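Visitor: I should like to take a close look at a single part of this structure. Please set it in its context as you go.

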Amino acid sequence: MTFRQEITCSGLQSVKEIVNSTQRSEKFINCLLKKNEDGLYRQAGTDEQCKKGDSLIIYSVDPSSTSELQACNSLFNDHYYGKKEVAQEQKLWPDEDLFIKNFIPNSNSSLLEICCGNGRITPYLCKDGNSVVGLDFSKDSITLAKENTSDKLEFVYGDAFELPFDTEEFDVSVCFENSLGIFFEDEEKIIEELITVTSKKVLLGLRNVDDSDEFLHYYVSPDGYIEFATVFTEKRLESILEKISDNLKARIDSVDYYPGLPRPWGGTQFYAVLNLNA
Ligand SMILES: C[S@@+](CC[C@H](N)C(=O)[O-])C[C@H]1O[C@@H](n2cnc3c(N)ncnc32)[C@H](O)[C@@H]1O
């Protein structure tokens, strides 16, 4: 069995029974998504029953396998961020709005947003005249984001592990909505890339779940895909910053933290501002 299986329920069975008979290991993240009458999937509780003909998706994912987590996320990205209807529904969260008002310069600055997806946030970074570049690794998302291009707003397809920019090309770079968490044990490499291309500040929107340091959070999309991400505390971010190369670490003058708001899929946003020296 692979980490994701679509099946049709063959007879009355509890979710618990189905999960137990299909899971690859009880140590894995095992969950069952059930299609509702409205045609949308949601995660079923273990006490629920499934009946003959129900459309089910079973996930049994090895949390210690970064490649498996990334494979799940890659499927999720293809079916979620690149979709026009998803993009149209997405708005700024009130805490993002406030954070942008307070921490993004008003004009005459150059900004980079990595993992910009379909450009949900990127246009708001232009404010009264900043030059903004949004970068993402999903071609469909970038195609969608490009519908909003202007002379101050550019979208590029690219890899956050190898940012195609010059040293300190941007005044400020950002990575929002816990996108840092999708890089699993490579998070410090992404921070190194961000510091390299930035002269003043790196801003991170991170997710905290119950102050846990060791936790994989996941979000289930209505069409039956799952996005995994690690979550953060201030302490965990600081341990990641310890791992970055000495020359880049020396560029961090201080780190400030600001609270955000809960998200409907769980966890609460908080923000970290890395103040850099030139
Ligand atoms: C959690 S989503 C956030 C999207 C957007 N920032 C938002 O808040 O709506 C993460 C995004 O990271 C992108 N991504 C994943 N791996 C990447 C990589 N190596 N380089 C650049 N973007 C990547 C995905 O395509 C996805 O759009």
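Visitor: Which residue in strand 15 does Leu204 stand opposite?

Guide: The residue in strand 15 that stands opposite Leu204 is Ala272. The model is a predicted one, and the positions discussed here should be read accordingly.

The pair belongs to the contact between strand 11, residues 198-208, and strand 15, residues 268-276, which are joined by eight bridges in the antiparallel sense. Strand 15 also pairs with strand 14, residues 252-262, again antiparallel and again over eight bridges. On that side, Tyr271 of strand 15 has Tyr258 opposite it. Strand 14 and strand 15 make up a hairpin, with five residues between them. In the turn of this hairpin, Gly266 adopts a positive phi of about 110°.

These three strands are part of an open sheet of seven strands, ordered 9-8-7-10-11-15-14, in which the pairing is mixed. Strand 14 is one of the edge strands, and strand 9, residues 153-157, is the other; each of them pairs on one side only. From neighbour to neighbour the strands of this sheet are turned by 20° on average, with direction ignored. Towards the strand 9 edge the sense of pairing is parallel: strand 8, residues 131-136, is joined to strand 9 by five bridges. There, Asp136 has Tyr157 in strand 9 as its bridge partner. A helix covers part of the sheet: helix 6, residues 187-196, packs on it and touches strand 7 (110-114), strand 10 (170-175), strand 11 and strand 15. Both strands of the Leu204 and Ala272 pair are thus among those that helix 6 touches. The direction of helix 6 makes about 150° with that of strand 11.

From here one can turn to the chain as a whole. It is divided into domain 1, spanning 4-62, and domain 2, spanning 85-276. The C-alpha centres of these two domains are 33 Å apart. Where they meet, eight residues of domain 1 are in contact with six residues of domain 2. On the domain 1 side, strand 3, strand 4 and strand 6 (55-61) each give two or more residues to this contact. Strand 4 provides the largest share, three residues. Sorted by class, that side of domain 1 consists of six nonpolar residues, one polar and one charged.

A second sheet has four strands; it is open, with the order 1-6-3-4 and antiparallel pairing. Its edge strands are strand 1 (4-8) and strand 4 (41-43), and each pairs on one side only. The twist from one strand to the next averages 25°. Strand 3, residues 29-35, and strand 4 run antiparallel and are joined by three bridges. Within this pairing, Lys34 has Arg42 in strand 4 as its bridge partner.

The ligand is the next point of interest. It is surrounded by 19 residues, of which Cys115, Gly117, Phe137, Ala160 and Glu177 are the closest. This shell divides into ten nonpolar residues, five polar residues and four charged residues.

Overall, the secondary structure of the chain amounts to eight helices and 15 strands. Its C-alpha trace spans about 65 × 40 × 30 Å along the principal axes. The radius of gyration of the chain is 20 Å, which agrees with the value near 19 Å that a compact globule of 278 residues would have.

Conventions. Residues numbered from 1 in each chain as written. Predicted model: local features only at pLDDT ≥ 70, side-chain atom pairs only at ≥ 80, totals over all residues. Near = placed C-beta within 6 Å. Nonpolar A, V, L, I, M, F, W, Y, C, P; charged D, E, K, R; others polar. Pairing = 2+ DSSP bridges. Axes fitted to C-alpha atoms, helices over the stretch in contact; angles between N-to-C directions. Domains from an automatic or database assignment. Contact = placed C-beta atoms within 7 Å. Rg over C-alpha atoms; globule rule 2.2 N^0.38 Å.
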